[in-house]
Structures are given as C-alpha cells and as structure tokens.
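User: Please take a close look at one part of this model, the sheet together with what packs on it. I would like a connected account that goes from the strands to the helices and then to the loops beside them.

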Amino acid sequence: TLSNAPLQPVWAETLAQRVVATRGPAIVGDALLERDWRELQRAGVMAALSVPLLDPNSQIIGALSVVSTQRHVFTATEARHLTSFSIQ
C-alpha cells in the first residue's frame, strides 16, 4: 500500500520556496541557531545550501539542495559552484 507521507520533507519544500522567491541561493549555516529552520534540525540536518534550477530561458524550474549533519560547511563559494552546476 502507498503511504500518505509527503514525497519530500517539509524542510526541503521550505528551502525550495525560499530560493524560488528570492531567485538566489539560500545558505543555512547552523540550523540550531536559526529559528526558521527547525524542520532541518528535526531531520538531523545542521547546514543546508539550496540554489534555483534554471532552464535555458532562465526560468526557475525547481531547486537543487545539499545538506550536511555538520554546521557551517557551506559558504558563498559553494553556492557559486552549485549554481554553476544547476544551470548546466
């Protein structure tokens, strides 16, 4: 039987919504210190980086996100690298 559980965790959707709304990367350095990211903490995630996925016409079609159980692992440099990857 199929579960009624969502296909993706709440925090993933929230992260994706943030990058779509801002059209830029979202970096969560320490989920323990950022009240907006309590759902990350509940999933055991301490840091996250998400960037918009763009089609060839620069339209946002989603978000590409990476997470870590360690804090402060993502910087603006990683955001640039992940953004470069996301537009390929």
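Analyst: What follows describes the sheet, then the helices, the cores and two loop residues.

The model is a predicted one, and its sheet is open, with three strands in the order β1-β2-β3 and antiparallel pairing. Because β1 and β3 (60-68) stand at the edges and have a single partner strand each, one side of each is left without a neighbour in the sheet. From one strand to the next, the twist averages 15°.

The pairing can be followed strand by strand. Strand β1 is joined to β2 (residues 47-54) by three bridges, and the two run antiparallel; within this pairing, Val28 has Ala48 of β2 as its bridge partner. On the other side of the pairing scheme, eight bridges join β2 to β3, again in an antiparallel arrangement, and here Leu53 stands opposite Gly62 of β3. These two strands form a hairpin with five residues between them, and in the turn Ser58 has a positive phi of about 65°. As for the surroundings of β2, six of its eight residues are buried, so this strand is largely enclosed by the rest of the structure.

Two helices contribute to these surroundings. Helix α1 lies across β1, β2 and β3, and runs at about 125° to β3. Helix α3 (residues 76-86) also packs on the sheet, where it touches β1, β2 and β3, while its direction makes about 30° with that of β2. The buried residues of α3 are Ala79, Leu82 and Ser86; they cover an arc of only 70° around the axis, which means that they sit on the same side of the helix. Those buried residues pack against β1, β2 and β3, whereas the face of α3 turned away from its buried side carries the exposed residues Arg80, His81 and Phe85.

The largest nonpolar core consists of eleven residues, among them Trp11, Leu15, Val19, Val28, Trp37 and Ala48. Both α1 (10-22) and β1 (26-28) supply at least two residues of this core, and α1 gives the most, with four. Apart from this core lies another, of six residues, including Leu49, Phe74, Ala79 and Leu82. Within the largest core, Val19 deserves a closer view: leaving aside its neighbours within four places in sequence, Val19 is in contact with Gly24, Pro25, Ala26, Ser50, Val51, Pro52, Ile60 and Ala63.

Two residues in the loops complete the picture. Arg23 is placed in the loop between α1 and β1, and its side chain reaches the backbone oxygen of Ser58 at 2.9 Å, Ser58 being the turn residue with the positive phi. Beyond its neighbours within four places in sequence, Arg23 is in contact with Pro52, Leu54, Ser58 and Ile60. Between Arg23 and Val67, by comparison, the C-alpha to C-alpha distance is 19 Å, with 44 residues separating them in sequence. Asp30 is found in the loop between β1 and α2 (38-42), and at 3% relative accessibility Asp30 counts as buried. Its contacts, again without the neighbours within four places in sequence, are Met46, Arg71 and His72.

Technical notes: Residues numbered from 1 in each chain as written. Predicted model: local features only at pLDDT ≥ 70, side-chain atom pairs only at ≥ 80, totals over all residues. Heavy atoms only, no water. Core = buried A, V, L, I, M, F, W, Y, C linked by side-chain atoms within 4.5 Å. Buried < 20%, exposed > 50% of the residue type's maximum accessible area, 1.4 Å probe, protein only. Contact = heavy atoms within 4.5 Å. Polar contact = N/O pair within 3.5 Å; in protein donor to acceptor, adjacent residues only side chain to side chain. Pairing = 2+ DSSP bridges. Axes fitted to C-alpha atoms, helices over the stretch in contact; angles between N-to-C directions. Arc of directions from axis to C-beta.
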